[in-house]
Amino acid sequence: MPADWLARPRFVSAFSIVVFLLLAAFGEYVVRIEAERLRVIAQNQVLAEASTIRARLEGELYSTLYLANGLSSYVSAHKALDPAAVKIILSTVFGYGRHLRNIVLAPDNEVRFTYPLKGNEKVIGFRYQDNAEQWRTVKRAMETRTTVLSGPVDLVQGGRGLISRTPVFLPDGEYWGIVALVINIDSLFATINKDRRPARITWALRSNDETGEKGRILFGDAWLFDHDHVNLSIAIPGGSWELAATPAEGWRPPGKRLLVLRIATLALSGLIAALVFLVLFERIRIQHLALHDSLTDLPNRRLLDDRLERAIAQARRNRDGFALLYVDLDDFKPINDRFGHRAGDHVLVEIARRLRGALRRADTVARVGGDEFMLILPGARGRHGAMTVVQKLAGIICQPIGYKGQYLNVSASIGVSTYPENGVTADALISHADGSMYRFKQHRKSPTDINGNQRSGAVSSEVS
């Protein structure tokens, strides 16, 4: 099979592989997009539940913290506090509060009233200036004139809790003291987690101080903040909290779904690449069959005419010459008659192989009839150049051909025409080569050759 025919399927194979790789790369891109989409969906689901937790937390927290505003207004209106009246007010406010552990009134930053008193006796008489941690928060509340929520802190009366401190200023602008609400942190977060069964997310909460530095853990595990998580900020009086949330079972990659998608994209890529290969290969095969002899795979008359026209154009352009050989096998019909068409086909294939192997890549060998071949030899000018090739081919053709343990012999009559000596058109060159071949075939039937010499070989030729 000619090298140019072999190269074209290799090109189609390479092209199909490139198509497969491009489609596979695109498929992998689609897989990654899908993975990112699923990741976003999972994040949005976690974010939705985390937002619900934040809303519940803010609702529970602020429903309690707003009570300090009413107490501040009462204290501002009653500078001299009556202990009996204060007890009633504090008990009333405490009844409305959610998650309150106790309420504190601290005129001049010293705790003088608390409710309930039982369990909180130790806090009476406590001065904020005596505790550096609490004094820092109280001082900030005084300076900013706003409520500051801090904690969890260690309480004087024992335990830990969140403390909301609201500074109270009298109508004349004089600083009165602090209204403090101590929040039971366990009760607060137990309410937030209530009815979250099954829990779809794991969450944690930590505080930020006024400088924005990461603060202490209020709820959950600190490791959550060091891993991939959804982050939400919660504004609180005097600062903020940071909520981190992850799926309860962790960020599980959608392995099966992505695996199926990846396999599907690879299969589709392979299918499309295979179809591209088959379509292009079949097109090349059809084109090849249209221009080549089906038995010998040599160029047929159609392709020969095209190459002959090109050879004429190139020779005219380069002021060069070429030779056209017309080869007709002699003694071929008896082989078909005696041994059958399979033997004849075997002889034709072998002669085609020998002719092709004896010539250059630039030369053309075509089968133009049952036992007729034509050869285009670029660069071969005049009688001498053509005869050199003719003698070479004559020796090759006459060699015996093995077939099923026997040797078959054929001879050939070869006619030659040269450009531009014997014509400058394709028809003229073919006609001259054909006539040369038939003239020799007629002379070959005589006992002497065309020069009058006694014939001694099975293959002869004529150049005219």
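User: Hi! Which residues make the nonpolar surface patch of about 460 Å²?
Analyst: Leu268, Leu271, Ile272, Leu275 and Leu278 make that patch. In a patch, residues have over 30% relative accessible area and no salt bridge, and nonpolar side chains (Val, Leu, Ile, Met, Phe, Trp, Tyr) are joined within 5 Å, while like charges are joined within 9 Å. Areas come from the Shrake-Rupley method with a 1.4 Å probe, and for residues only the protein chains shown count as cover.

User: Anything I should know about the model before going on?
Analyst: This is a predicted model, so local features need pLDDT of at least 70 and side-chain atom pairs count only at pLDDT 80 or more, while totals for chains, interfaces and linings use all residues. Residues are numbered from 1 along each chain as its sequence is written, and side-chain values use heavy atoms, with hydrogens and water left out.

User: Back to the patch, where is Ile272 found?
Analyst: Ile272 is in helix H6, residues 255–291. Helices (H or I, at least four residues) and strands (E, at least two) are DSSP runs numbered from the N terminus.

User: And is Ile272 buried or exposed?
Analyst: In between: with a relative accessible area of 32%, Ile272 is partly exposed. Buried means under 20% and exposed over 50%, with partly exposed in between (1.4 Å probe, protein chains only).

User: Zooming out, how many helices and strands are there?
Analyst: The protein chain has 11 helices and 16 strands. Its radius of gyration is 52 Å, well over the 23 Å that the globule rule gives for 464 residues, so the chain is more spread out than a compact globule. That radius is taken over C-alpha atoms, and the rule is 2.2 Å times the number of residues to the power 0.38.

User: What does the C-alpha trace span along its principal axes?
Analyst: About 155 × 50 × 30 Å. For a pair of residues to look up, try Asp305 and Pro152: they are 153 residues apart along the chain, and their C-alpha atoms are separated by 99 Å. Asp305 sits in helix H7, residues 301–318, and is partly exposed at 32% relative accessibility.

User: How much of the chain is buried?
Analyst: Buried residues make up 44% of the 464 residues. The chain exposes about 24500 Å², with carbon and sulfur atoms supplying 55% of it.

User: Which residues touch the most other members of the largest nonpolar core?
Analyst: Leu325, Ile351, Phe373 and Leu375 do, in a core of 34 residues. At least two residues each come from strand S10 (322–330), helix H9 (341–358), strand S12 (372–378), helix H10 (382–397), strand S13 (401–403) and strand S15 (411–419). A second, separate core has 24 residues, including Leu188, Val230, Ile234 and Trp241. A nonpolar core is a set of buried Ala, Val, Leu, Ile, Met, Phe, Trp, Tyr and Cys residues joined through side-chain atoms within 4.5 Å.

User: What does Phe373 touch?
Analyst: Leaving out residues up to four places away in sequence, its contacts (heavy atoms within 4.5 Å) include Leu298, Leu325, Leu348, Ile351 and Val368.

User: Switching to Ser164, where does it lie?
Analyst: Ser164 is in strand S4, residues 160–169. Ser164 is buried, with a relative accessible area of 0%. Among the residues it touches, not counting those up to four places away in sequence, are Leu65, Thr147, Val179 and Leu181.

User: Now charges: how many salt bridges are there?
Analyst: The count is 19, each a side-chain nitrogen of Lys or Arg within 4 Å of a carboxyl oxygen of Asp or Glu. One of them joins Glu34 and Arg37 at 2.7 Å, N to O. Both lie in helix H1 (residues 3–65), 3 residues apart, about one turn of the helix. Glu34 counts as buried at 14% relative accessibility, whereas Arg37 is partly exposed at 38%.

User: What about Arg127 and Glu110?
Analyst: Their side chains meet in a salt bridge at 3.6 Å, N to O. This pair links distant parts of the chain, 17 residues apart: Arg127 is in the loop between strand S2 (113–115) and helix H4 (132–144), and Glu110 in the loop between strand S1 (100–107) and S2.

User: Which residue does Glu350 form a salt bridge with?
Analyst: Arg353, with the closest N and O atoms 2.5 Å apart. Both are in helix H9, about one turn apart. There is also a network, in which salt bridges that share partners join Glu28, Arg32 and Arg262.
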